[in-house]
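Reader: I am new to this structure and would like to learn how to read it feature by feature. Could you show me the sequence and the model before we begin?

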Amino acid sequence: MSNYPTPPFKSQKQPVPGDQSKMDPYPDCGEKSYKGSGRMANKIALITGADSGIGRAVAIAFAREGADVAISYLDEHDDAKETARWVEEAGRQCILLPGDLADKAHCSAIVNDTVKKFGRIDVLVNNAAFQMTHETFEDIPDEEWVKTFDINITAMFRICKAALPSMPAGSSIINTSSVNSDSPSPSLLAYATTKGAIANFTAGLAQSLGPRGIRVNSVAPGPIWTPLIVSTMTEDDITHFGKNTPLGRPGQPVEVAPIYVLLASDEGSYISGTRYGVTGGKPIL
Ligand code: NAD
Ligand code: MG
């Protein structure tokens with residue numbers, strides 16, 4: 001058994017997009033535990049949504065494996081600076097790229113800034129997302145439906161398109177999907193629909209890019225303790241978060257990071273077109 005926190009959690013509703021430093025327990029992004037072993041030596045990674053949560057854990061792991069990291073995020077400057085601090089403490093370079101990925105121009109700007117600084121992109125992690133819970137289908141505002149698609153899937157298309165000219169053979173694209181991709185939660189319908197789209201997009205893109213030597217995979221996390229949760233779920237769902245998994249608790253971001261490292265590293269050279277679950281035992285089929 002692990003020593004990771006189990007529900008019930010304290011009531012702690014936050015406004016979107018959430019502030020990791022205010023969460024209790026503080027999410028474990030591997031700050032004190034992740035050990036690298038040179039598996040990504042001198043690679044260049046661009047990670048969206050890397051200020052906090054899963055993205056931060058991936059940034060810390062990549063840096064400790066030897067990669068330089070560009071971090072895209074919305075506007076959580078303090079969380080982003082904390083991630084950058086850990087990347088730099090690992091002896092790697094980091095740039096911070098705040099801004100709204102619902103804006104088409106910003107999707108190409110984060111790619112251009114990364115390439116300007118580091119010269120290329122070896123690993124692209126499309127991880128930023130928006131979600132909101134609603135009791136009924138009719139409660140979903142039209143604008144929110146469109147916004148969810150813009151941030152979660154359209155931005156992914158645009159960033160991939162902008163990045164590809166700077167991605168050499170051997171590169172890897174990793175898209176964050178969800179257990180919602182094949183087991184949609186009705187209270188998260190717009191979000192769940194985008195996560196199904198991400199899994200499908202990934203499988204199609206892997207076939208397009210295989211001949212160029214570029215691999216594309218998605219990761220489908222189950223419940224993970226991050227700012228996304230405390231800023232969008234109901235208080236009751238937050239308190240009992242992760243309890244309904246076979247392991248009886250949410251995952252911590254650090255527990256998701258190792259699959260991103262495998263998919264990003266050259267050890268994953270024959271892995272493409274697939275979706276990997278990190279779900280605490282919830283089946284994905
Ligand atoms: P998180 O809140 O730490 O990360 C999401 C990040 O997305 C935010 O930090 C924010 O900066 C960024 N973002 C949101 N809207 C944006 C916008 N308009 N423009 C630019 N950036 C924006 O939460 P997380 O749980 O680590 O989320 C990371 C990924 O994991 C998401 O794709 C999420 O859907 C996925 N996921 C999370 C869970 C979970 O239980 N936490 C489960 C399955 C999948
Ligand atoms: Mg954040």
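Reader: Which atom of ligand 1 is 3.5 Å from a polar backbone atom of alanine 129?

Author: Such a pair is called a polar contact, meaning two N or O atoms within 3.5 Å, where within protein one must be able to donate a hydrogen and the other to accept it, and residues adjacent in sequence count only if both atoms are side-chain atoms. Here the partner of the backbone atom of alanine 129 is an oxygen atom of ligand 1, at 3.5 Å. Taken alone, ligand 1 exposes 800 Å², and the protein buries 96% of that, the areas coming from the Shrake-Rupley method with a 1.4 Å probe, with only the protein chains shown counting as cover for residues.

Reader: What should I know about the model and its numbering before going further?

Author: This is a predicted model, in which local features need pLDDT of at least 70 and side-chain atom pairs count only at pLDDT 80 or more, while totals for chains, interfaces and linings use all residues. Residues are numbered from 1 along each chain as its sequence is written, chains are lettered from A and ligands numbered from 1 in the order in which they are written, and side-chain values use heavy atoms, with hydrogens and water left out.

Reader: Which nitrogen contacts does ligand 1 have with glycine 99 and aspartate 100?

Author: A nitrogen atom of ligand 1 lies 3.4 Å from a backbone N or O atom of glycine 99, and a nitrogen atom of the ligand is 2.8 Å from an N or O atom in the side chain of aspartate 100.

Reader: How many residues surround ligand 1, and which helix gives the most to that shell?

Author: A residue is near a molecule or strand if one of its heavy atoms lies within 4 Å of it. There are 29 residues around ligand 1, and the closest are Asp51, Ser52, Asn127, Tyr191 and Thr226. Helices (H or I, at least four residues) and strands (E, at least two) are DSSP runs numbered from the N terminus; α1 (53–64), α5 and α6 each supply at least two residues of the shell, and α6 gives the most, with 3 residues.

Reader: Which residues coordinate the magnesium ion (ligand 2)?

Author: Donors are N, O and S atoms within 2.8 Å of the metal (3.2 Å for Na, K and Ca), and because water is not among the atoms, sites may look incomplete. The magnesium ion is coordinated by Asp51 (OD), Ser52 (OG) and Glu76 (OE), at 2.1 to 2.4 Å, and these donors follow the spacing D-S-x23-E along the chain.

Reader: Are aspartate 51 and serine 52 buried or exposed?

Author: Buried means under 20% relative accessible area and exposed over 50%, with partly exposed in between (1.4 Å probe, protein chains only). Aspartate 51 and serine 52 are both buried.

Reader: Why is α1 described as largely enclosed by the rest of the structure?

Author: The description rests on 11 of the 12 residues of α1 being buried, so the helix is largely enclosed; among them are Gly53, Arg56 and Phe62. After α1 comes glycine 66, whose phi is positive, near 110°.

Reader: What span should helix α5 have?

Author: The expected span of a helix is 1.5 Å times one less than its number of residues. The 21 residues of α5 (residues 189–209) should therefore span 30 Å, and the end C-alpha atoms are 30 Å apart, which agrees. Buried residues of α5 include Tyr191, Ile198 and Phe201, and what covers the buried residues includes α4 (142–163), β5 (172–176) and β6 (215–221).

Reader: What is phenylalanine 201 in contact with?

Author: Contact means heavy atoms within 4.5 Å. Leaving aside neighbours within four places in sequence, phenylalanine 201 is in contact with Ile153, Met156, Phe157, Cys160 and Asn175. Phenylalanine 201 and glycine 273 are 72 residues apart in sequence and 9.5 Å apart in space, C-alpha to C-alpha.

Reader: Where is threonine 245, and why does this residue count as buried?

Author: Threonine 245 is in the loop between α7 (235–239) and α8 (253–264), and counts as buried because its relative accessibility is 5%. A polar atom of the threonine 245 side chain lies 2.9 Å from the backbone oxygen of glycine 242.

Reader: Which peptide bond involving proline 17 is cis?

Author: The bond from valine 16 to proline 17 is cis, with omega near 5°, and proline 17 lies in the segment before β1 (44–48).
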